[in-house]
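Subject: Structure for you to look at

Dear colleague,

I am passing on a structure that I would like you to look through at your own pace. Please open it first, and then read the notes that follow beside it.

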Amino acid sequence: MTEEIWIVDDDRGVRFVLAEVLRDAGLAVREFGEVGSVRTALLDARPALLLTDVRMPGEDGLSLLRELQERGVGPVIVMSAFTDVATAAAAYRAGAVDYLAKPFDLDHAVAVVQRALASAAAPAELIVEAVASNHALLGESAPMREVFRLIGRVAASDLNVLITGETGTGKELVARALHEESARRQKPFVALNTAAIPSELLESELFGHEAGAFTGALRRVAGRFEQAEGGTLFLDEIGDMPLALQTRLLRVLAGGEFYRVGGRELIRGNVRIVAATHQDLSARVAAGLFRADLMHRLDVVRIELPALRNRRGDIPLLARHFLTAMAQDLKLPPKRFSKAALKLIAQREFPGNVRELENLCRRLAVIAPGSEILPTDLDGMRGAPSGGDWTDALRDWAAEALAAGEVEIHARAREALDQTLLQAALQACDGHRQNAAQALGVGRNTLTRKLGTSRARKSS
Ligand SMILES: Nc1ncnc2c1ncn2[C@@H]1O[C@H](COP(=O)(O)OP(=O)(O)OP(=O)(O)O)[C@@H](O)[C@H]1O
């Protein structure tokens with residue numbers, strides 16, 4: 001008998017089109033509208049592969065998935081319209097080999113099924129196929145799918161995680177997702193930014209203090225460790241932690257016990273540590289600024305968040321999400337991006353990463369006049385001054401001029417700079433010298449003199 005693909009979905013339409021396209025691909029298919037009938041069928045048959053929706057009336061697909069996992073039935077591919085990191089992580093935890101975000105492209109669905117069948121003999125590598133959502137952590141690029149996969153894998157464990165990535169790449173969101181996906185989710189998630197707190201206060205901030213421990217300590221205060229009891233403590237910018245405190249933290253992590261500042265009572269804590277840094281921690285270790293043993297203790301699992309410029313594929317999804325969310329938050333009429341505007345945005349550099357994109361969308365939601373955002377709305381809306389383009393060109397020019405043995409290149413460059421700025425300002429101010437001088441932040445006389453020099457040069 002040909003081995004069958006089983007499709008479990010309460011939506012008859014989805015079952016129908018999926019079954020059709022799989023049959024067209026030469027596969028045998030059997031359809032189920034609910035979990036109960038799958039259970040009955042399992043009494044005398046086994047599928048080659050099972051595709052199941054996660055949310056169905058009555059029993060859901062995830063409990064079926066767990067059950068199949070225990071009985072060694074698989075592989076299973078999960079389908080869901082709730083394509084957030086939480087659903088993806090839960091699916092992988094329960095043993096799914098792949099994930100299809102609804103609505104899915106049918107060719108893509110066939111490819112995913114064929115790939116799962118091909119690798120069914122070998123232990124399947126878990127891949128998030130397409131995760132797009134209106135939940136917190138968004139992304140559909142390959143590097144972000146890898147991040148989701150890691151979150152799904154390690155969230156349930158108590159392993160310490162180190163999240164690295166440039167500023168604004170979403171490190172705190174990942175820390176929260178790790179917490180939300182863990183058994184600790186009912187307990188507190190406590191965040192502490194090590195760089196934002198003066199070093200002399202950091203110890204009592206972390207471990208708390210007793211009344212009278214230092215001047216001004218009137219009452220006993222619980223530190224972040226105690227506040228996070230049973231939950232997750234997120235230590236942001238860990239690379240900036242002073243060395244003395246690193247030693248103390250290491251001892252606490254090794255022994256699981258600590259004293260409040262000025263206290264005698266030994267406190268035993270049960271806290272999962274998730275740390276983050278935008279710095280190269282190994283370089284800090286090499287420079288003697290960070291303890292190697294502490295790094296190893298924190299860096300049990302590492303999640304590296306890619307810079308936004310290295311996952312430009314995520315920009316349209318994020319931009320649309322931020323624009324809609326901002327309009328909703330601010331109770332403004334909804335706006336959307338024109339294709340051309342979105343294309344321009346996706347080409348930007350974003351040194352401030354997702355945070356910078358979020359800020360840009362916030363401004364567009366408020367400022368752009370029409371309901372459709374056009375390329376012209378982006379004029380003058382730099383996330384951060386780039387400067388990169390022309391200074392790069394200047395550097396190349398200088399390198400060439402020097403290589404060619406030219407002299408007095410500084411004077412020539414200054415002259416070119418002055419003239420370029422002057423002409424741009426005059427043009428912007430319709431030739432009005434006083435306004436142009438003001439716009440540039442130079443005196444009118446300076447402007448006239450500089451214009452004079454250029455004329456004198458040209459006529460000589
Ligand atoms: N993948 C993402 N999906 C949706 N929002 C995101 C994503 N990544 C970042 N953001 C948003 O961008 C902003 C910055 O994210 P977050 O604070 O997590 O970055 P960070 O890496 O911790 O930054 P820093 O190093 O400066 O503390 C937040 O408002 C966050 O909600």
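A good place to begin is helix H3, residues 61-71, which lies across strand S1, strand S3 (49-53) and strand S4 (76-80), and which runs at about 155° to S3. Helix H5, residues 106-118, lies across S1, S3, S4 and S5, and its direction is at about 175° to that of S5. Please keep in mind throughout that this is a predicted model.

The strands under these helices belong to an open sheet of five, which follow one another in the order S2-S1-S3-S4-S5 with parallel pairing. Strand S2 (28-32) and strand S5 (98-101) stand at the edges with a single partner strand each, so one side of each has no neighbour in the sheet. From one strand to the next the twist averages 20°. If you would like one pairing to trace by eye, strand S1 (residues 4-8) runs parallel to S2 and is joined to it by five bridges, with isoleucine 5 standing opposite valine 29 in S2.

Further along the chain, strand S6 (residues 161-164) pairs in the parallel sense with strand S11 (residues 272-277) over four bridges, and S6 also pairs in the parallel sense with strand S12 (residues 301-304), again over four bridges. Leucine 162 is a useful landmark here, as this residue stands opposite alanine 275 in S11 and opposite arginine 302 in S12.

Next comes the ligand, which has 17 residues around it, and of these Leu138, Gly170, Lys171, Glu172 and Val354 come nearest. The shell draws at least three residues from each of domain 2 (155-304) and domain 3 (311-378), while helix H7 (171-180) and helix H15 (353-367) each supply at least two. Sorted by class, the shell consists of five nonpolar, seven polar and five charged residues.

Lastly, how far does the confidence of the prediction reach along the chain? The mean pLDDT of the chain is 82, and 90% of its residues reach 70 or more, while the scores for the model are ipTM 0.98 and pTM 0.62. Over residues 121-135, however, pLDDT stays under 50, although the model has 42 contacts there beyond four places in sequence. Residues 383-388 also stay under 50, with ten such contacts in the model. Where pLDDT is low, the predicted coordinates should not be read in detail.

With best wishes

Definitions and conventions: Residues are numbered from 1 along each chain as its sequence is written. This is a predicted model: local features need pLDDT of at least 70, side-chain atom pairs count only at pLDDT 80 or more; totals for chains, interfaces and linings use all residues. A residue is near a molecule or strand if its C-beta atom, placed from the backbone, lies within 6 Å of it. Ala, Val, Leu, Ile, Met, Phe, Trp, Tyr, Cys and Pro count as nonpolar, Asp, Glu, Lys and Arg as charged, and the others, Gly among them, as polar. Domain bounds come from an automatic or database domain assignment. Two strands pair if DSSP finds at least two bridges between them. Axes are lines fitted to C-alpha atoms, for helices over the stretch in contact, and angles run from 0 to 180 degrees between N-to-C directions. Two residues are in contact if their C-beta atoms, placed from the backbone, lie within 7 Å. pLDDT is the predictor's confidence in each residue, from 0 to 100.
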